[in-house]
Each structure stands twice: as C-alpha cells, then as structure tokens.
Number of protein chains: 2
Amino acid sequence: MMDVVTSARNPKVVAAARLAQAKERRTRGEMLLEGPHLVDEAARAGIHLVSLFGLATDDLARRLAQDARAAWIPCTSEVLTRLGSTDHPRGPIAVAAIPAVEVPWRRDSVVAHVSDPGNAGTLIRSAAAFGLDIRFGGRAVDVWSPKVLRAGAGAHFLTGVSTGLEVVPLSVGTIATVVEGGEPVPDAIQALDPTRLWAIVVGSEAHGLDRSAIARSTVAVTIPMAGATESLNAAVAGSIVAYELARWRYSVGGPTGGH
Amino acid sequence: MMDVVTSARNPKVVAAARLAQAKERRTRGEMLLEGPHLVDEAARAGIHLVSLFGLATDDLARRLAQDARAAWIPCTSEVLTRLGSTDHPRGPIAVAAIPAVEVPWRRDSVVAHVSDPGNAGTLIRSAAAFGLDIRFGGRAVDVWSPKVLRAGAGAHFLTGVSTGLEVVPLSVGTIATVVEGGEPVPDAIQALDPTRLWAIVVGSEAHGLDRSAIARSTVAVTIPMAGATESLNAAVAGSIVAYELARWRYSVGGPTGGH
C-alpha cells in the first residue's frame, strides 16, 4: 500500500498543479486531465499518462493507472481540489503528455481563431463528430487547458487537433464563415470542388475574420438567418458549416478516397 | 453633479449586488445587465431600466440612463467590479426589470432543458437568429443570470424567452433531438406538417432527454455524424436542428402566415 498524499504542498502535487498555467504546459509538454471520461479517452487514444492522482479508495482509477503504466498517486480530496479546475473535481486527475501538433492535411478541417475556451472545446467536439480535423491559429486559446479539455468532452483524442497554424497549404480550399455578405449555406457548400480538401475558417468571437483573411479565402459563406439578430455564437456558426460540409462530403466522396 | 459612489458598501450597491443570486432575482423580478451592448439592447426592447451604474466620466452611459429614464448612479471602477460577474467588468451595469414570462405560442420554438449557462445563452442566440421563440423547462438554468445574459449577447431581448415551462400544448408538434436512433436530419424536418407549429426539444447536457419525453414527442430526430464521436454539445445540436427547421419553415411558409 502506497502512502496517501494528504498535503497540497507535496512536491508532486505542486509540480502537477503548475500545469494549470499555459506557459508551464508549453515548457513541459504536459497537461492535466480531469475525471474518468477524459483520462479514459486519452488512455485509449494512446496518450502517455505520466501519473494519476486519485482517492485511495478509487479502485477503478488505480487499475486505470496500472493499465496505462502511469505512476499511481493515491491522495485526499483536498489534493484533488488543489489540482482540479472546478470546485469539486471528480478524480482521477492525470498528468499526461500533450500529443504532437503535426496533423497531416489528409481530410477536411476546421481552422479556428476563437479565444473562448468553451467555444474551442465545442468546435473540437463538432469537428470530431463530423469527421474533420481541427487546427487552431497562433493567437487562439491554448487547447490543452482544463477548460477547453472539459468542453471538448474527450474529442481532443478522437480527431486531429493542431495548434499554432500560420498558413493553409495552397492546395487546400478555404471556406470563410462570415456574418453577412457571403454565399448562402448550404448551396455554397454543395458547389465546392470535391477533388480538393477544404478547410472551414472560423474567426474570433470579438472580431470575426479580418478583411484580408476573407479576401484570401476560396469562398466566403453565410448562414441564412430569418430572425431579429444576425449573429450566432462562433462555435455554433462553425459547427453548422461543418455539418453541411460533412453532409456534402458524404454524398460526393473524398479527394483521397479515404472518406 | 451627483456624488460619485465610491464604496461597495453603499446601500444601493449592496442591493444591486444581491441580484447576482437567482433567489433574489426571482423575489424582486430584477436582474443585472453588464456592458453597453446588453444595456442598449434591453433599452431598445423596452425593458424597464431601474438604475444605471457607470463611471462618472462615462457620458454615453449617462445619456443612456437619461433616455431610458433610469436613475443614473456615477461610481468608481471598484463599485463596477463589485457588481460585475467578470474580473474587469465593463460599465455600465443596469438594474433592470425581468420581462414577463408569458410567450404566446405564435411561432416555432426551442424548448430547452439545459443547465449550463453558456449553452442556455447560446441557444437563446441561435433561436433569435433563426426566428424562433425559446422556452426553458422548470429545472433548467436561470436564464436571467449574468452568465446566461453574457452568452446570449443581447438575444434575450430580440425573441420570446420564457421559463418554467411544464407542458407543450397538444396542438404544437414536438421534435425530440436524440443522439442516436432518431430519424435523420434534415429529411425528418422536411417531412413535417407545415400547418402545425413545431417545438425543438433539447435535453440536459448530462442526460439528454428521458425515455418518456422521447416517447411523447411527435418525432425524434438525430443529426447524422460521420466522425469518431457520436456526440455534439447540446447547444450545437439544438442550433443545427433550429437551422434546419428555419430553412424548412422559410421554404414552406408558416401555419399562421406570420413567418
């Protein structure tokens, strides 16, 4: 029986807790995964779990650590609270390696410039559901933060997620999502060239896409709105275009035959 | 020139700050609106603004208070921080009357049982964009909380929003959104009876819709997903069905001719 870690000042706890900061995550290439669902999805996807903090009585978590060859660190709920990002974090909490950020351009993608953690996680979830990879712009939110991981609900480990994107290859067509003045969805999607790969570009919550990004895009699309407001949440707008792109791709087939 | 309120213990500040609590909002029928956009949208919609806290130098806010016949309370940024729900709230912050909750069944609706404030606000925004009213179930989140108002981005005041919904009238058809096993969208939507009003029913994030709610619905629909995960964020799923319902309604016309 291992000693139960009871102090939030234990060096292992202090080192793990620092991963709440983006800078520390970048430097160490590690992140925190909270709760059985995220830990389990990561382990299944072959993400390296370094260590696993859990209540001493949490046999499921202990076995999960064994199976993943992670260091098992039994601890108190106070320690979990120190490590977690919610008021009452559910154990276990894992220290895990951030996966490599290179995602080949092998299928359609979402390119996201969002800064809200909830929107980033929601878009990752939609991308995974619709069979798309997702790439985040250099100034977008840190996708391996606890909030984005929570909103992603495990989808980070079910599709290609990359960060720090600067340019989209010329061979990949770009679909700018704009609030007004674009070609209407879904007709604009159904007119795309099926022999190309396509990337849906979603701007920031505050400013959308800038003029030059829209001018550089292959096509600009707008979701028709009948209502009193001409504005959708950025993650919702991106998800609706992703839904239409997936429907279209399913009907026309993929450029690589891989769809 | 009025005296500038500098103390967070000023009775007016204390009374306003209490509106951060759901119980206090219910009892008094008042809410807090943060930032010029929300205050402005509410004023345009004819919402009664009781008082407006803003920096003494904020001439725009002072004029807004005058136009809305609200009591103008010049204050310090410390007072705004006490009243606001973010770390650095942008003034002005208004105490405003919560609008009456009766929304007639006059057009298609979203019926939401979500409990996450961000999802609730996002759904209100999507409903407004797609020309739908929105009704929240009795155990759903309090839609007049600062978080839901922020996520709604002003849409609370652009469409019918009601709370405490118990039953949908028999004359209104219900569309249950389910993760799997429903009829696929958009075909299921295009097959609806255009002479009826329709309500899209969105379950809670944790549990979706219960079996009896699905069994009672006129039709159950599922968003086809090609990806590795069979799950979308609840607000995204509801918004995609709302998008399809609005497209369909626009093409077939409304039961009341009012669409």
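This passage describes the pairing of two chains, a sheet in chain B, and the helices packed on that sheet in a predicted model.

The two chains superpose closely by rotation. Chain B is brought onto chain A by a rotation of 180° with 0.0 Å of shift along the axis. The RMSD of this superposition is 0.0 Å. The two copies are thus related as by a two-fold rotation axis. Both copies use the same surface, since 100% of the contact residues of chain B recur in chain A.

Chain B holds an open sheet of seven strands. Their order is β7-β6-β5-β10-β8-β11-β9, and the pairing is parallel. Strands β7 (161-165) and β9 of chain B stand at the edges. Each has a single partner strand, so one side of each lacks a neighbour in the sheet. At the β7 edge, β7(B) is joined to strand β6 (residues 133-137) of chain B by three bridges, and the two run parallel. Within this pair, B:R135 stands opposite B:S162 of β7(B).

Towards the other edge, strand β11 (residues 219-222) of chain B lies between β8 and β9 in the strand order. Strand β8 (residues 173-177) of chain B pairs with β11(B) in the parallel sense over three bridges. Here B:A176 has B:A220 as its bridge partner. Strand β9 (residues 183-184) of chain B also pairs with β11(B) in the parallel sense, over two bridges. In this case B:P184 is partnered by B:T222. Both faces of β11(B) are covered. B:V219 and B:V221 are buried on one side, and B:A220 and B:T222 are buried on the other. Thus B:A220 and B:T222 are both bridge partners and buried residues.

Two helices of chain B pack on these strands. Helix α6 (residues 117-129) of chain B lies across β5 (109-112), β6, β7 and β10 (198-202) of chain B. Its direction makes about 155° with that of β6(B). Helix α10 (residues 234-252) of chain B packs on the sheet and touches β8, β10 and β11 of chain B. The direction of α10(B) is at about 165° to that of β10(B). Strand β10(B) is therefore met by α6(B) as well as by α10(B).

The two helices also meet each other. The axes of α6(B) and α10(B) come within 9 Å and cross at roughly 10°. Angles under 35 degrees count as roughly parallel, and α6(B) and α10(B) are therefore roughly parallel to each other. Their crossing is right-handed. From α6(B), the contact is made by B:N119, B:T122, B:L123 and B:S126. From α10(B), it is made by B:A234, B:A235, B:G238 and B:S239.

Chain A has a corresponding helix pair. The axes of helix α6 (residues 117-129) and helix α10 (residues 234-252) of chain A come within 9 Å and cross at roughly 10°. That makes α6(A) roughly parallel to α10(A). This crossing, too, is right-handed. In α6(A), the residues in contact are A:N119, A:T122, A:L123 and A:S126. They meet A:A234, A:A235, A:G238 and A:S239 in α10(A).

One loop residue of chain B was also examined. B:P104 sits in the loop between β4 (93-97) and β5 of chain B. At 53% relative accessibility, B:P104 counts as exposed. Leaving aside residues up to four places away in sequence, B:P104 touches B:D133 and B:R135. B:R135 is the residue that stands opposite B:S162 in β7(B). B:P104 and B:A68 are 36 residues apart in sequence, and their C-alpha atoms are 27 Å apart in space.

Technical notes. Residues numbered from 1 in each chain as written. Chains lettered and ligands numbered in written order. Predicted model: local features only at pLDDT ≥ 70, side-chain atom pairs only at ≥ 80, totals over all residues. Heavy atoms only, no water. Buried < 20%, exposed > 50% of the residue type's maximum accessible area, 1.4 Å probe, protein only. Helix = DSSP H or I, 4+ residues; strand = E, 2+ residues; numbered from the N terminus. Pairing = 2+ DSSP bridges. Least-squares fit on C-alpha atoms with pLDDT ≥ 70 in both. Contact = heavy atoms within 4.5 Å. Axes fitted to C-alpha atoms, helices over the stretch in contact; angles between N-to-C directions. Parallel < 35°, antiparallel > 145°, perpendicular 65-115°, else oblique. Left-handed = near helix turned anticlockwise from the far one by under 90°.
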